[in-house]
Amino acid sequence: MIGITCGLAIYNSTVVDLHFPLALYKKLLNVKPGLEDLKELSPTEGRSLQELLDYPGEDVEETFCLNFTICRESYGVIEQKKLIPGGDKVTVCKDNR
């Protein structure tokens, strides 16, 4: 719906005040979005990843118990997406975080 609305606005030379996140413009310009862009889109997930990066201890793997997957709900079904190939088998440690 948003795409149709934007397309109709452009076609009819109408200015529509839509505030898109900076990450969208970066993707359109082939610029890689960073952690600050994630913090703008999803503050909770951005803060969580920042805490993981700032964690001073050596026991990241035991403390956080993470792997390179993310769970998302889509139409009432929880899906697990791999962030890297084989991400469900790779644990997050101090060297690869």
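Let's start with a hollow: the largest pocket holds about 550 Å³ of space. A pocket here is an open set of points on a 1 Å grid over the protein atoms alone, where a 1.4 Å probe fits, with protein on both sides within 12 Å along at least five of seven lines; lining residues have an atom within 4 Å of a point. Grid points are joined across faces, edges and corners, and the volume is the space filled by probe spheres set on the points.

This is a predicted model, in which local features need pLDDT of at least 70, side-chain atom pairs count only at pLDDT 80 or more, and totals for chains, interfaces and linings use all residues. Residues are numbered from 1 along each chain as its sequence is written, and side-chain values use heavy atoms, with hydrogens and water left out.

So who sits around that space? Of the 18 lining residues, Leu 49, Leu 52, Leu 66, Thr 69 and Leu 83 lie nearest the centre of the largest pocket. Two or more residues each come from α3 (35–41), α4 (43–54) and β1 (69–74), and α4 gives the largest share, six residues. Helices (H or I, at least four residues) and strands (E, at least two) are DSSP runs, numbered from the N terminus.

The chain is split into domain 1 (1–54) and domain 2 (60–96), with bounds from an automatic or database domain assignment. Their C-alpha centres lie 23 Å apart, and each domain gives at least three residues to the lining of the largest pocket.

Here are the two pockets side by side. Ala, Val, Leu, Ile, Met, Phe, Trp, Tyr, Cys and Pro count as nonpolar, Asp, Glu, Lys and Arg as charged, and the others, Gly among them, as polar.

| Pocket | Volume | Lining by class |
|---|---|---|
| Largest | about 550 Å³ | 11 nonpolar, three polar, four charged residues |
| Second largest | about 180 Å³ | five nonpolar, one polar, two charged residues |

For the second largest pocket, α3 supplies the largest share of the lining, four residues. Among the residues that line it are Ala 23, Lys 32, Pro 33 and Gly 34.

Now back to β1. It pairs with β2 (residues 77–82) in the antiparallel sense over six bridges, where pairing takes at least two DSSP bridges between two strands. Thr 69, one of the residues nearest the centre of the largest pocket, has Lys 82 in β2 as its bridge partner. The two strands form a hairpin with two residues between them, and Tyr 75 in the turn has a positive phi of about 55°.
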